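I open this notebook to keep track of what I looked up, one topic per entry. The sequence and the structure come first, and my notes follow.

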Amino acid sequence: MYEDFTVTDRWTQESLRVMWKGTVVAIATRHADATDIRFSVNGRPVWIAMPNTAWIEQKRRNGKIITDYLAAQTAGRYLKSAIESGYDNGREMYTMTVDEVLEHVDAVLHEAGSTAKLPSLPVINENIEPELELGRLPADNQGPVKIPPDHMVL
C-alpha cells in the first residue's frame, strides 16, 4: 500500500519512489510529542510527524488503536496525497494535525479492510544490505564496511 510506492509529482511530472524507512517516537528527540515516520523519496529523507494525541483521540472515538503498521501506512498515504496535490515542496519534515491523522487512518482502513490486512514492516528485500543503505552504528564495531565495486561512487 503506502510503505513502498511510486507517485508522480504534480508540478514536475517526475516519478518518485517512496519507501518507508522507520518510525521514531519523538518525545525526547524533538520535544514535539509526536511519532515521526521516515520515508525515502528518490533517496531524499522525508519525515511525517504525527501528533501522539491522535492515538488518544482514535481510542476515545472508537475504542481502537493505531498500530505501528497503521501509523506507517497513514503517514505514507498523507505523503502520497501531498505529492499528488502539489503540497510537497521538497521539505524534509511535514506535520500532520490530529484530524488529518484520523482522516487518513479511516481511509487506509477502508482501503485495506482491517489492520490484519496491512503489509508488515519492515520492507524485506534480500538484495539490500542495511549497512550500505543506512550506514553502520558506532556500537557495531565490526571493522570497516566493505563496499562492493558496483556500489562505489566515483
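Which residue of β4 is the bridge partner of Thr35? I looked this up before anything else, and the partner is Met50. I note at the outset that I am working with a predicted model, and I read every value below as computed from that model.

**Entry: overall make-up**

I counted elements next, and the protein has five helices and five strands, which run β-β-α-β-β-α-α-β-α-α from the N terminus on. Of its 154 residues, 34% count as buried. I also looked at how far apart in sequence the contacting residues lie: among contacts with a separation of 6 or more, 53% are between residues 24 or more positions apart.

**Entry: confidence**

I checked the pLDDT before reading details, and the protein averages 84, with 76% of the residues scoring at least 70. Where is the confidence lowest, and where is it highest? The lowest mean, 56, belongs to helix α5 (residues 130-134), while the highest, 96, belongs to helix α4 (residues 98-112). I remind myself that predicted coordinates should not be read in detail where pLDDT is low.

**Entry: the sheet**

I traced an open sheet of five strands, ordered β1-β2-β3-β4-β5, in which the pairing is mixed. Its edge strands are β1 (4-8) and β5 (93-95), each of which pairs on one side only. With direction ignored, neighbouring strands of this sheet are turned by 30° against each other on average. Helix α3 (residues 68-85) packs on the sheet and touches β1, β2, β3, β4 and β5, and the direction of α3 makes about 55° with that of β3.

**Entry: strand β1 and its hairpin**

Which residues of β1 are on its covered face, and which are on the uncovered one? I find Phe5 and Val7 on the covered face, whereas Asp4, Thr6 and Thr8 make up the uncovered one. β1 pairs with β2 in the antiparallel sense over five bridges, and in β2 the bridge partner of Thr6 is Arg17. The hairpin of β1 and β2 has six residues between the strands, and there Gln13 takes a positive phi near 65°.

**Entry: strand β3 and its neighbours**

I then went through β3 (residues 34-41), which is mostly covered, with seven of its eight residues buried. On one side, β3 pairs with β2 (residues 15-25) in the antiparallel sense over seven bridges; the bridge partner of Val24 in β3 is Asp36, and Val25 stands opposite Thr35. β3 also pairs with β4 (residues 44-51), again in the antiparallel sense, over eight bridges. In the hairpin of β3 and β4, which has two residues between the strands, I noted a positive phi near 50° at Asn42.

**Entry: aromatic rings**

How many aromatic pairs does the structure hold? I find two. The ring centres of Tyr2 and Phe5 are 5.9 Å apart and their planes stand at 80°, so I log this pair as edge-to-face; the cut-off behind that label is an angle over 60 degrees. Both Tyr2 and Phe5 are buried. Tyr87 and Tyr94 form a tilted pair, with 5.8 Å from centre to centre and 55° between the planes. The two tyrosines are not alike in burial: Tyr87 counts as partly exposed because its relative accessibility is 45%, whereas Tyr94, with a relative accessible area of 1%, is buried. I also looked for a charge over a ring, and recorded that the charged end of Arg10 sits over the ring of Trp11, 4.9 Å from its centre.

**Entry: Leu121**

Is Leu121 buried or exposed? At 14% relative accessibility Leu121 counts as buried, because the cut-off for that class is under 20%. Its place is in the loop between α4 and α5. Leaving aside its neighbours within four places in sequence, I find Leu121 in contact with Glu3, Trp20, Asp68, Tyr69 and Ala72. I also took the distance to Gln73, which is 48 residues away from Leu121 in sequence and 10.0 Å away in space, C-alpha to C-alpha.

Methods
Residues are numbered from 1 along each chain as its sequence is written. This is a predicted model: local features need pLDDT of at least 70, side-chain atom pairs count only at pLDDT 80 or more; totals for chains, interfaces and linings use all residues. Side-chain values use heavy atoms; hydrogens and water are left out. Buried means under 20% relative accessible area, exposed over 50%, partly exposed in between (1.4 Å probe, protein chains only). Helices (H or I, at least four residues) and strands (E, at least two) are DSSP runs, numbered from the N terminus. Two strands pair if DSSP finds at least two bridges between them. Rings of Phe, Tyr and Trp (its six-membered ring) pair if their centres lie within 6.5 Å; planes under 30 degrees apart count as stacked, over 60 as edge-to-face and the rest as tilted. A charge sits over a ring if NZ of Lys or CZ of Arg is within 6 Å of the ring centre and within 35 degrees of the ring normal. Axes are lines fitted to C-alpha atoms, for helices over the stretch in contact, and angles run from 0 to 180 degrees between N-to-C directions. Contact means heavy atoms within 4.5 Å. pLDDT is the predictor's confidence in each residue, from 0 to 100.
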